[in-house]
Amino acid sequence: MIDTHCHLDLVAKSLDIDTVIEQAKIAGVTHFIVPSTHHLSWSAVRLLSERFSGVYYALGVHPLFISEDSLEYMGSLESILVQDAKSHRRCVAIGECGLDFFRGRENETLQTEVFRYQLKLANKCQLPVIIHARKSHQEILAILKQEPVLKGGVIHGFSGSFELAMSYIRLGFYIGVGGTITYERAKKTRTTVSRIPLNRIVLETDAPDMPIDGYQGDINQPKRLKLVLSSLNVMRCEDVQTVASQLINNSKTLFDFCDG
Ligand SMILES: [Zn+2]
């Protein structure tokens with residue numbers, strides 16, 4: 001299994017990271033993608049990938065961590081990405097970036113500017129994007145139509161209708177499926193995930209967030225990715241092995257890991 005979205009730098013603040021990674025590997029997770037949330041986490045995610053095999057990272061600015069100086073940091077993000085590409089570091093995407101209007105639209109203009117900048121950067125560096133979307137799907141879809149991302153990307157932690165998922169898929173995006181589908185009450189998202197093409201799904205835990213059903217209140221960890229996969233298996237008509245290997249192929253195609 002590949003956990004395409006886990007904030008191991010944040011998990012490390014409350015749990016022993018060596019144990020977390022070891023237990024995840026025992027549970028069958030071979031690759032971890034650690035998205036950053038803002039410029040202060042860029043060095044932490046890079047260090048994690050230096051320390052542990054199978055750990056990859058993404059660099060970007062999360063919409064909830066945007067500040068007045070975010071645009072200034074975009075210049076340094078670009079030079080870090082160029083450096084990383086030269087030294088064959090394991091940066092596999094731009095992210096996480098996106099739009100989040102859950103708490104209002106006060107900084108909508110700034111959020112949009114920073115998001116657009118990151119999409120341009122993704123095209124310049126030929127990387128996919130990891131997108132965070134909350135109360136902002138229509139705006140994000142409109143931007144992606146105007147500014148297509150050549151290497152595509154993933155809509156992480158997706159919850160929503162089949163039609164919405166298909167609008168992203170038609171733009172070349174993958175759907176990031178996480179702990180939401182482990183909850184029986186998440187009927188709409190479960191139906192969506194049972195119907196969308198299997199070759200457009202990738203798995204994620206979003207650790208330490210998005211608790212899995214039965215583990216509410218616990219710090220989420222990549223070792224629980226297998227619970228997301230088993231929920232998915234219940235919803236899909238393909239056999240278990242087909243699902244597992246297709247998901248691995250999808251993640252490898254999208255993120256183009258250097259170890260194949
Ligand atoms: Zn995240």
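This dialogue goes through the fold, the empty spaces and the unusual backbone spots of one predicted model.

Reader: What should I know before I begin to read the model?

Author: Residues are numbered from 1 along each chain as its sequence is written, and side-chain values use heavy atoms, with hydrogens and water left out. The model is predicted, and local features need pLDDT of at least 70, side-chain atom pairs count only at pLDDT 80 or more, while totals for chains, interfaces and linings use all residues.

Reader: How many helices and strands does the protein have?

Author: Helices (H or I, at least four residues) and strands (E, at least two) are DSSP runs, numbered from the N terminus. The protein has ten helices and eight strands. Its radius of gyration is 17 Å, close to the 18 Å that the globule rule gives for 260 residues, so the protein is as compact as a globular protein of that length; here the radius is taken over C-alpha atoms, and the rule is 2.2 Å times the number of residues to the power 0.38. Along its principal axes the C-alpha trace spans about 45 × 40 × 35 Å.

Reader: In what order do the strands form the sheet?

Author: Strands of a sheet pair through backbone hydrogen bonds, either parallel or antiparallel. Two strands are taken to pair if DSSP finds at least two bridges between them. In this protein, eight strands form an open sheet with parallel pairing, in the order β1-β2-β3-β4-β5-β6-β7-β8. The edge strands, each of which pairs on one side only, are β1 (2-3) and β8. Strand β7 (residues 173-177) runs parallel to β8 and is joined to β8 by three bridges, and Val-177 has Leu-203 in β8 as its bridge partner.

Reader: Which strands does helix α7 touch?

Author: Helix α7 (residues 162-170) packs on the sheet, where it touches β5 (129-134), β6 (153-155) and β7, and its direction makes about 135° with that of β7. Contact means heavy atoms within 4.5 Å, and axes are lines fitted to C-alpha atoms, for helices over the stretch in contact, with angles from 0 to 180 degrees between N-to-C directions. Helix α3 (residues 42-51) lies across β2 (31-35) and β3 (55-59), and runs at about 160° to β3.

Reader: How is empty space found, and which residues line the largest cavity?

Author: Rolling a probe the size of a water molecule over the atoms shows where empty space is left. On a 1 Å grid over the protein atoms alone, a cavity is a set of points where a 1.4 Å probe fits but cannot get out, whereas a pocket is an open set with protein on both sides within 12 Å along at least five of seven lines; lining residues have an atom within 4 Å of a point. Grid points are joined across faces, edges and corners, and a volume is the space filled by probe spheres set on the points. The count comes to one cavity of 30 Å³ or more, and the largest cavity has a volume of about 60 Å³. Its lining consists of Met-1, Ile-2, Val-202, Leu-203, Leu-229, Ala-244, Leu-247, Ile-248 and Ser-251. The elements that give two or more residues to this lining are β8 (201-203) and α10 (240-255), and the largest share, four residues, comes from α10.

Reader: Which residues lie nearest the centre of the largest pocket?

Author: The largest pocket has a volume of about 550 Å³ and is lined by 22 residues, of which His-62, His-132, Arg-134, His-156 and Asp-206 lie nearest its centre. Strand β5 gives the most to this lining, with three residues. The second largest pocket holds about 470 Å³ of space, and of its 25 lining residues, Cys-91, Val-92, Gln-126, Leu-127 and Asp-256 lie nearest its centre.

Reader: Where is the backbone unusual?

Author: Most residues other than glycine have a negative phi, and most peptide bonds are trans. A cis peptide bond joins Gly-95 and Glu-96, with omega about 5°, and Glu-96 is in strand β4. The bond from Ala-207 to Pro-208 is cis, with omega near 5°, and Pro-208 is found in the loop between β8 and α9 (225-235). Gln-126, a residue other than glycine, has a positive phi near 55° and is found in the loop between α5 (108-124) and β5.
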